[in-house]
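User: I'm new to this structure and would like a close look at one small part, followed by a tour of what surrounds it. Please explain each term as you go.

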Amino acid sequence: MRTQLWLTYALITTIFWGVWGALIEIPEKAGFPATLGYSVWAISMILPAIFALRVIKWKLDVHQKAILHGIIIGLTGALGQLVLFQALKTGPAYLVFPFISLAPLVTILLSYWLIKERAAFRSWIGIILALLAIPLLSYQSPEQGQTYGQLWILLSLFVFLAWGVQAYFMKVANEHMKAESIFFYMMLTGIMLIPIALMMTDFSQDIYWGFEGPYLATGIQLLNAVGALCLVYAFRHGKAIVVSPLTNAGAPVITIILSLVIYGFFPHWVILSGMILAVIAILLMAES
């Protein structure tokens, strides 16, 4: 039953994040900035947070360790997202995304060394294949004629470490506090950083406030929020060294497939290679 629970939650996260990835560009292309999209995402976390608190009858963990770990998890996730915006402004997306997509490697190493997580041989093969697949799935064609400085490397490194550390602490925190409390602190810190996102927004440009702007973004970001809640549950019942690479490799596959259907986007052969590796990895980890 325990195995079924972690896998169920991990697959829900994978599906929801995959759909989110395919749709999130619609508000941005309509003229609704990604930084405002962050603000909408933070607010959308409130609804699943209320649901989660009702599940535990509003008995939020408020001891010192719970608050500390909750804030660490929330800040590393939210700050990583905000820094990513800046990384994409200063560096090439075709290098930034593959760089940060390897964040599960940080989670795996920390979980292996610090909390002594282990996996079956078949799972390790799946983990390795997933780590190989993730940067391939993030591939974007280089833009010719553009030069970039070095700042994007430092910013991408921050996101890479932040998201890897976040997933590790999700697992650690689940050992001494309820998953619902973890998500509440994620929601709280996300909202606290909204002013930073607003300061990063260029309000001098035209911003689209119609249906495909904040309203559609709310529904799309709600998929992200529910996926995040399920991810916390997946870490509660499963191993971080398996959950992290599975969700990070699986979601882009769904995004690519939906993009093919919705936008007629046919992936590069590098991405197709990543899809094949990711599917094999998911099957190996799920069967284990």
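In which helix do Tyr38 and Trp41 both lie, and how many residues apart are they?

Analyst: Happy to help! Both residues belong to helix H3, three residues apart, which is about one turn of the helix. Helices here are DSSP runs of H or I with at least four residues, numbered from the N terminus, while strands are E runs of at least two. Tyr38 and Trp41 are both buried; that word means under 20% relative accessible area, with exposed over 50% and partly exposed in between, using a 1.4 Å probe on protein chains only.

Before going on, please keep in mind that this is a predicted model, in which local features need pLDDT of at least 70 and side-chain atom pairs pLDDT 80 or more, while totals for chains, interfaces and linings use all residues. Residues are numbered from 1 along each chain as its sequence is written, and side-chain values use heavy atoms, with hydrogens and water left out.

Let's begin with the rings. A search of the whole structure finds seven aromatic pairs. One of them joins Phe32 and Trp209 in an edge-to-face arrangement, 5.9 Å centre to centre with 80 degrees between the planes. This pair links distant parts of the chain, 177 residues apart: Phe32 sits in the loop between helix H2 (25-30) and helix H3 (34-44), and Trp209 in the loop between helix H11 (194-199) and helix H12 (211-237). Phe32 counts as buried because its relative accessibility is 3%, whereas Trp209, at 52%, counts as exposed. Your pair, Tyr38 and Trp41, is tilted: its ring centres are 5.2 Å apart and its planes meet at 50 degrees. For both pairs, the rule is that rings of Phe, Tyr or Trp (its six-membered ring) have centres within 6.5 Å; planes under 30 degrees apart are stacked, over 60 edge-to-face, and the rest tilted.

Rings can also have a charge over them. The charged end of Lys29 sits over the ring of Tyr263, 5.8 Å from its centre, and that of Arg118 sits over the ring of Tyr112, 3.8 Å from its centre. To qualify, NZ of Lys or CZ of Arg must be within 6 Å of the ring centre and within 35 degrees of the ring normal.

Helix H3 also helps to line a pocket. H3 and helix H5 (64-90) each supply at least two residues of the lining of the second largest pocket, and H5 gives the largest share, three residues. About 300 Å³ of space lies in this pocket, a volume being the space filled by probe spheres set on grid points joined across faces, edges and corners. Of its 15 lining residues, the closest to the centre are Pro33, Ala34, Thr35, Lys89 and Gln205. A pocket is an open set of points on a 1 Å grid over the protein atoms alone, where a 1.4 Å probe fits, with protein on both sides within 12 Å along at least five of seven lines; lining residues have an atom within 4 Å of a point. The lining divides into seven nonpolar, four polar and four charged residues.

Thr35 appears again in a polar contact of 2.7 Å between its side chain and that of Thr201. Such a contact is a pair of N or O atoms within 3.5 Å, one able to donate a hydrogen and the other to accept it; residues adjacent in sequence count only if both atoms are side-chain atoms. Thr201 lies in the loop between H11 and H12, and it is buried because its relative accessible area is 8%.

Helix H12 makes links of its own. Gln221 lies in H12 and counts as buried because its relative accessibility is 6%; a polar contact of 3.1 Å joins its side chain to that of Trp20. Val226, also found in H12, has its C-alpha atom 7.5 Å from that of Phe16, although the two are 210 residues apart along the chain. Phe211 of H12 and Pro27 are 184 residues apart in sequence, yet 8.8 Å apart in space, C-alpha to C-alpha. Phe211 is exposed, with a relative accessible area of 56%.

Finally, two loop residues have a backbone detail to look for. Trp58, in the loop between helix H4 (46-55) and H5, has a positive phi of about 65 degrees although it is not a glycine. Lys116, in the loop between helix H7 (103-114) and helix H8 (121-137), has a positive phi near 60 degrees. Most residues other than glycine have a negative phi.

Key. Ala, Val, Leu, Ile, Met, Phe, Trp, Tyr, Cys and Pro count as nonpolar, Asp, Glu, Lys and Arg as charged, and the others, Gly among them, as polar.
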